[in-house]
Amino acid sequence: MADIAKLVEELSQLTVLEAADLAKALEEAWGVSAAAAVAVAAPAAGGDAGAAAEEKTEFDVILTGDGGKKINVIKEVRAITGLGLAEAKALVEGAPKAVKEGASKAEAEEIKKKIEEAGGTVELK
């Protein structure tokens, strides 16, 4: 079996054209397409630059605490979610819990601002 570390080192030294030729040769030899593998490998090769270019579009708004102002936070959670009093109270008392999942960045920031103004603490994930 080939020495993996040595193989990785040799592949790292390939130029882009040489890597493209290698991909084509492997596609022909194995009868597969490397299109999906290249798409996955490209961000990995770019490191953090690829991750920074891809901006997250959906956020979960997580209530992490009531900040000692439970009643105000419950009122705000009710207004945001449309939950009844008992459900909103249970959500606030059970923190950390998601107030809203899959929210846009603007909506998540707005919800965070409202809850923090009411005295609660919020985390966006």
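A residue counts as partly exposed when its relative accessible area falls between the buried limit, under 20%, and the exposed limit, over 50%. Lys125 sits at 48% relative accessibility, so it lands in that partly exposed class. Keep in mind that this is a predicted model. Here's a quick look at its salt bridges: a search of the whole structure turns up five.

**Linking two helices**
- Glu93 pairs with Lys70 in a salt bridge, and their closest N and O atoms are 3.0 Å apart.
- Glu93 belongs to helix α6 (residues 85-93) and Lys70 to helix α5 (residues 70-81), so this pair ties together parts that are 23 residues apart in sequence.
- Glu93 is partly exposed, at 43% relative accessibility.
- Its partner Lys70 is partly exposed too, with a relative accessible area of 33%.

**The Lys100 pair**
- Lys100 and Glu107 bring their side chains together in a salt bridge, at 3.2 Å from N to O.
- On the acidic side, Glu107 has a relative accessible area of 31%, which makes it partly exposed.
- Lys100 is partly exposed as well, and its relative accessible area is 31%.

**The Lys125 pair**
- Lys125 also makes a salt bridge, this one with Glu123, and the closest N and O atoms are 3.4 Å apart.
- Glu123 is in the partly exposed class, at 35% relative accessibility.

**A shared network**
- Salt bridges with partners in common join Lys70, Lys89 and Glu93 into one network.

Conventions. Residues are numbered from 1 along each chain as its sequence is written. This is a predicted model: local features need pLDDT of at least 70, side-chain atom pairs count only at pLDDT 80 or more; totals for chains, interfaces and linings use all residues. Side-chain values use heavy atoms; hydrogens and water are left out. A salt bridge is a side-chain nitrogen of Lys or Arg within 4 Å of a carboxyl oxygen of Asp or Glu. Helices (H or I, at least four residues) and strands (E, at least two) are DSSP runs, numbered from the N terminus. Buried means under 20% relative accessible area, exposed over 50%, partly exposed in between (1.4 Å probe, protein chains only).
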